[in-house]
Amino acid sequence: MIKAKKGDIVMVHCTAKLEDGTVFVSTKDHKPLKFTLGEGSVLENVEKAVIGMNPGESKTTEIPVEKAFQPPWKVVEIERYKFPDWEPKLGQRLKIFKPDGRLIAARVSNVSDSMVALDFRRTFSGDVLLYDLKLEEIV
């Protein structure tokens, strides 16, 4: 049987979850992810896990949180005068529309007289995320 190797285009179903089993993203009810191994279009640890797999094979890989989420997830400080009708509270969670119309989650991480800090980084309990992978096919 053919094993996946760098340069192969693969179709992979992926379910990402917290250590407690809470699923935060899954392709289960959607099309599998399609990517070329070695191009860096998915997390490095996911690529490493898929290399050597046979079509139909499944495996789980652990990814440290800091390797799973890189910028643009960051903390942004915004001047308070830009929010005249809002009284921000530390720890408050909100959703913000990006210029392209997509919603992103943020948390108020600091409030001062002149600035509000919004944390766009994902906050997960634990240090490791679990990725259940199933190689559907090598295209």
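Here is a short chat about a predicted model and the reasons behind some of its labels.

Me: Happy to start simple. What is the order of helices and strands along the protein chain?
Reply: From the N terminus, the elements run β-β-β-α-β-α-β-β-β-β-β. That gives two helices and nine strands.

Me: What makes E1 and E9 a strand pair?
Reply: A pair needs at least two bridges, and strand E1 (residues 9-18) shares nine with strand E9 (residues 128-138). The cut-off is met, so the two count as paired, in the antiparallel sense. One of the bridges sets threonine 15 against aspartate 132 in E9.

Me: How do you know that E4 pairs with E9?
Reply: The reasoning is just like the last one. Strand E4 (residues 58-64) and E9 are joined by seven bridges, again antiparallel, and at least two are required. Threonine 60 stands opposite aspartate 132 here, and aspartate 132 is also the bridge partner of threonine 15.

Me: And E2, what makes it a partner of E1?
Reply: Three bridges join E1 to strand E2 (residues 23-26), and the rule asks for at least two, so this antiparallel pair qualifies too. Alanine 16 faces valine 25 of E2. Four residues lie between the strands of this hairpin, where glycine 21 takes a positive phi near 95°.

Me: Why is aspartate 119 called buried?
Reply: Its relative accessible area is 3%, and buried means under 20%. The value falls under the cut-off, so aspartate 119 is buried. This residue lies in strand E8 (residues 115-119). Leaving out residues up to four places away in sequence, aspartate 119 touches Lys74, Val75, Ala105, Ala106, Arg107 and Ser109. Across the protein chain, 33% of the 139 residues count as buried.

Me: Which residues touch the most other members of the largest nonpolar core?
Reply: They are Val10, Phe35, Val46, Val50, Tyr131 and Leu133, out of 19 residues in that core. E1, helix H1 (44-50) and E9 each supply at least two residues, and E1 gives the largest share, five residues. Apart from this core lies another, of eight residues, among them Leu94, Ala106, Val108 and Val116.

Me: What does valine 10 touch, not counting residues up to four places away in sequence?
Reply: Its contacts are Ala4, Leu33, Lys34, Phe35, Leu37, Val50, Leu135, Glu137 and Ile138.

Me: Why is the contact between arginine 80 and glutamate 87 called a salt bridge?
Reply: Their closest N and O atoms are 3.0 Å apart, and the definition asks for a side-chain nitrogen within 4 Å of a carboxyl oxygen. The distance is within the limit, so the name applies. In general, side chains of opposite charge can pair when their charged atoms come close. The structure holds seven salt bridges, including one between lysine 82 and glutamate 79, at 4.0 Å from N to O.

Me: How do you know whether lysine 134 and glutamate 136 are buried, partly exposed or exposed?
Reply: Lysine 134 has a relative accessible area of 33%, and glutamate 136 has 32%. Buried means under 20% and exposed over 50%; these values lie in between, so both residues are partly exposed. Their side chains meet in a salt bridge, 3.9 Å from N to O.

Me: Why does glutamate 79 count as partly exposed?
Reply: Its relative accessible area is 36%, in between the 20% and 50% cut-offs, so glutamate 79 gets that label as well.

How values were computed. Residues numbered from 1 in each chain as written. Predicted model: local features only at pLDDT ≥ 70, side-chain atom pairs only at ≥ 80, totals over all residues. Heavy atoms only, no water. Buried < 20%, exposed > 50% of the residue type's maximum accessible area, 1.4 Å probe, protein only. Contact = heavy atoms within 4.5 Å. Core = buried A, V, L, I, M, F, W, Y, C linked by side-chain atoms within 4.5 Å.
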